[in-house]
Amino acid sequence: MSAAWLNTETPRVFTLPPSTAVLNALVRTLRARFDADRHPEALTSLLLLTPTRRAAKALGDAFAAEAGEGVALLPMIRPLGDIDVDDPPFEPGELAGIAPPALGSARRQFELARLILAKEAALGRSIGLGGALALARPLAELLDDMADEGVDDLSPLADSLVDYLPEDRREAVEFLSILQTAWPARLAELGVMDSAARRSLVLNALAERWTKTPPDHPVIIVGSTGSIPAVRRLMGVVAHLDQGAVVLPGFDWDMDARAFAEIDAAHPQWAMRAFVNSVDLAPNAVATWPGAAETEDAGARRRVIAEALRPASTTDEWLSRLTVLKDRFGPDYFERGLEGLSLIEAADPLQEARCCALLLRQALHEPGKTAMLVTPDRSLARRVSAEMLRFGVRVDDSGGAALSECAAGAFLIRLVEAALDPSSIIAQSSLWASPHFSAGLARGAVHTALAKAEAEAWRGVRPQGGFDGLRARLDGERVRLHPADKELALEALGAEETALSALIAQKMARPAQWARRHVLAAEALASTDSETGAVRLWSGEDGEAAAALLRDLLEESEALPEMRLADYLAVLRDMAVSRRVPPKLGVHPRLQILGPLEARLMQADRVILAGLNEGVWPTGLGQDPWMSRGMREAVKLAVPEQRHGLAAHDFAQLAASGEVYLTRAEKADGAPTVASRWIWRLKTLVEGAQGDVSSLTGQAAAYLSLVESLDRPAHPSRPAPAPEPRPPVALRPRALSITEIRTWIRDPYSIFAKHVLGLKRLDPADMMPSHRERGTALHEVLEEALKAWRGEWPEDAAAQLVERARGALLSAGFAPADLGLELPRFARAAQWLDRWERRRRDLGISVAALETWLETRLTGPQGDWRLYGKADRFDRHPDGRLDVLDYKTGSAASAKEVEAGFDPQLPLTAALAAEEGSSKDLAASPPAALAYLTLSGNAKGGEERRIDGRGSRKLSSEELAEAAMADLLDLIALFDQEETAYPSQSRAKYKNDYSDFDHLARRGEWALAADESEGEAR
């Protein structure tokens, strides 16, 4: 390639209009000029330099596509960020050996974390390994900035500026001063250098080499803005080569002189202006790339976007500029510029994501049409990907998913969590649910067995004692497991315990040692009865990424100190969250989700720019923990606004395409958002030119309406009626416990769900012990103590009760730390009970029976019916009558509720106790009193709450028992009729009571329905 070939003089600088298919236009021209159809080998002498690897790949694909079915010999295509002196065309020339290898990103983060830990230790502080790793990232970015800008002297920070800095910034300056000498020494010791410094070194050396000895082949730099000084210098050299050219992306060659002169760091053209100034080139001397024509409408769009983003100091010329542009391009210039550009402002991020998904899906209706969504907001990108799945479309998301969210990464994290706390059912069930967990057994069978064991034995209060505690729970008296399932669950637990033993037993180790044990455990637990764990775990996209992560820990973590397993987990999580796993297979070929950097030089028929809010796009300046803005300016580092300038360039390039949709959410996390400055600028300009912004927002209402209709039913919704199941009488329960009668009266649906459908409530996993466990412990203590003390009540009964409670509470799942609260509460209840018992014995009242089983046979219209239950306590009076007593640690039913028939537990217990033959441990006797012993442990300690003779009708205990039994017989007769339904929460007074089956009964759909009235008690 020569100057004559392009017919321009040096410096040879071109631009590609943003409306053109940049890569295709470039490729078509090069193929034509090199006559690639007849001489395909001619292109192999050409070197093309692109800004990113993705752009390099896309450029290669464009060459292959333009060749069609012919021979496609590609030119050399290299990304500027990864030029290697060992790659063609640089080796084996004088650049060979100029730079040592680059330090890997993981190793650098570990090395910097070690220095930060040493700094904090010297100051007598403990930041923790997680904090050190978090600070290492911005420190690495600072080192990259210094390398990019060629800054190697931080001495200006030690001058008078330091006196005005707050204490934390002074510490940062001191540490950076140490880092400036310690870090290069450490890199030299390792024989490596920072990747950014290496890039600048190679690019500067390459620029110097080509200046002295120009290459004998054509060189084109395409798509770079020259924001990095070393890249800018190389671009200048290439622009002056006889066979060189630079192609700028979307250079604004026709910007007015004042605006061009006022460009600042936040402007989209700042980097390219710096480049053209460095080669003494006037803006209008930058030519359009041959063969890349810009239509009038495309030019109008480009100028509208450029005017909206013109330097802030020149916006006072907006009105005059509009007049100039209309005179130059025609009165309808602005309308043509806005044609195909739409703004959609959604209510919230979910609505925005759904709108973006609709726009992507709509593009597929046109054959061959392509679309891309560009956003820096990863959460929005994930939402859009999820919304596309409702259409059955998987989208190529360049950001991918975090390794921690993928199956292999999550399995590795869950494995360590289970090793840290084997008793945690949440940790264990998360591990067992992983598709990689098999523990050497058949995957489906072991998963089923563990799921059954979890539901039957391991829910509720968390087991104690690790794997031994898990095994012990399987032998619980209420556990109903098939022997084969139990055996398989025990086998899986044994395999897991063996695999995790090396992690559990080790207290402190180096990260590489932890990683080695981790790999062995992971492969053991990932194996099945027919396939090795290594094959299952390390294959696939996420498996490869997981293997690379552990390889870094094995090979690159020597800088980190010895650590506990919990610290190793923190390192593992930090690395897994920051590593992305992009999809490779199964994605739609015409759709893409890209970040702004990946979207450079990319083209699509429809472009959606999403997340256009301040702090998102452009991103916020953030808080640099190492250098403030003033500190950066003092050492001549790039100001943070330059990032906004690069972001503005990406936005301007993409917004100047043909069909463009701009989207944002008006609220996020319930708070109002601020539209991106570019949206504000564009709306202000459009309103000034046209009087309103309807031409920009006209399509928004239609798309937002479509979004709302996605989840809107075809017909108006009606509140669902309360469920009223009417199962056949033969399926209805013929036996209930005494305590279930209360539920039957208040919420018949719960009886239907439990006894007809056979459902039961699962306790939460790792549940903290609470009222239920406290009550169980109290019952056990009182049962044992009262059996032992039936003859003589000991003097120190209260103290003995408290001591017995200690073991009972621990057995119930309370931690030793909880006893500081629980034992004083129990002591107050024990002291009250001690006084109460003594008074009872003085009156001649004795304990007749404890935890007594009672049952009776009743007769209903459809046959026999059984009532059964276990009573807490019966006390016998000297006249032979019985007190029916029930312990409560919480609230108890009132006398009014019992009398009204809403809580018949005590009266029914009394009725059974008065019936001959209802209990083998208790002689039948009429009731003397019905009472709750509330042992809450509050200031009073406890209370005896009598039920008989206390209601509005002052019914005696015998009358209450007779009424309760009569009510029960009526209830049996009622539900022995097939037309009788089992309604949910049928008593208005108790509709706010919690039921285990409220969700199944869909209470949320009908609970607010009108015309509900309280039913009668009987």
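## Surroundings of Thr50

Leaving aside neighbours within four places in sequence, Thr50 is in contact with Ala55, Ala56, Leu59, Ile77, Arg78, Pro79, Leu80 and Val222. The model described here is predicted. Thr50 belongs to strand β2, which covers residues 47-50. With a relative accessibility of 0%, Thr50 counts as buried, because the cut-off for buried is under 20% relative accessible area.

Thr50 can also be placed against a residue far along the chain. Leu601 is 551 residues away from Thr50 in the chain, yet the C-alpha atoms of the two are separated by 9.3 Å.

## Nonpolar cores

In soluble globular proteins, nonpolar side chains tend to be buried together. In this model, the largest nonpolar core contains 94 residues. Phe411, Trp458, Leu553 and Tyr568 are the residues with the most contacts inside that core. Helix α5 (residues 128-149) supplies the largest share of the core, nine residues.

For Tyr568, the contacts beyond four places in sequence are Val416, Pro511, Trp514, Ala515, His518, Leu550, Leu553 and Met563. Leu553 is thus a contact of Tyr568 and is also listed with Tyr568 among the residues with the most contacts in the core. A second core, separate from the largest one, has 67 residues, including Leu48, Leu654, Leu662 and Leu682.

## Packing of α16 and α23

Two packed helices are described by the angle between their axes and the distance between the axes. For helix α16 (residues 407-420) and helix α23 (residues 540-556), the angle is about 45 degrees and the axes are 7 Å apart. That angle makes α16 oblique to α23.

On the α16 side, the contact is made by Ala407, Ala408 and Leu412. The α23 side contributes Asp542, Gly543, Ala546 and Leu550. By class, the residues of this contact are five nonpolar, one polar and one charged. Leu550 of α23, part of this helix contact, is also in contact with Tyr568.

## Packing of α31 and α32

Helix α31 (residues 738-746) and helix α32 (residues 748-756) have axes that come within 5 Å and cross at roughly 120 degrees. The two helices are therefore oblique to each other.

From α31, the residues Glu740, Thr743, Trp744, Ile745 and Arg746 take part. They meet Pro748, Ser750, Ile751, Lys754 and His755 of α32. This contact divides into four nonpolar, three polar and three charged residues.

## Aromatic pairs

Counting Phe, Tyr and Trp rings whose centres lie within 6.5 Å, the model has 18 aromatic pairs. One of the pairs joins Trp789 and Trp793, whose ring centres are 5.2 Å apart. Their planes stand at 85 degrees, so the pair is edge-to-face, the cut-off for that class being over 60 degrees. Trp789 is buried at a relative accessible area of 7%, and Trp793 is buried at 8%.

Another pair is formed by Phe975 and Tyr982, with ring centres 4.7 Å apart. Here the planes are at 50 degrees, so the pair is tilted. Phe975 counts as buried at 6% relative accessibility, and Tyr982 is buried with a relative accessible area of 1%. Phe975 and Tyr982 belong to one aromatic cluster with Trp744, Tyr749, Phe752 and Trp865. Trp744 also appears among the α31 residues that meet α32.

Conventions
Residues are numbered from 1 along each chain as its sequence is written. This is a predicted model: local features need pLDDT of at least 70, side-chain atom pairs count only at pLDDT 80 or more; totals for chains, interfaces and linings use all residues. Side-chain values use heavy atoms; hydrogens and water are left out. Rings of Phe, Tyr and Trp (its six-membered ring) pair if their centres lie within 6.5 Å; planes under 30 degrees apart count as stacked, over 60 as edge-to-face and the rest as tilted. Buried means under 20% relative accessible area, exposed over 50%, partly exposed in between (1.4 Å probe, protein chains only). Axes are lines fitted to C-alpha atoms, for helices over the stretch in contact, and angles run from 0 to 180 degrees between N-to-C directions. Helices (H or I, at least four residues) and strands (E, at least two) are DSSP runs, numbered from the N terminus. Angles under 35 degrees count as roughly parallel, over 145 as roughly antiparallel, 65 to 115 as roughly perpendicular and the rest as oblique. Contact means heavy atoms within 4.5 Å. Ala, Val, Leu, Ile, Met, Phe, Trp, Tyr, Cys and Pro count as nonpolar, Asp, Glu, Lys and Arg as charged, and the others, Gly among them, as polar. A nonpolar core is a set of buried Ala, Val, Leu, Ile, Met, Phe, Trp, Tyr and Cys residues joined through side-chain atoms within 4.5 Å.
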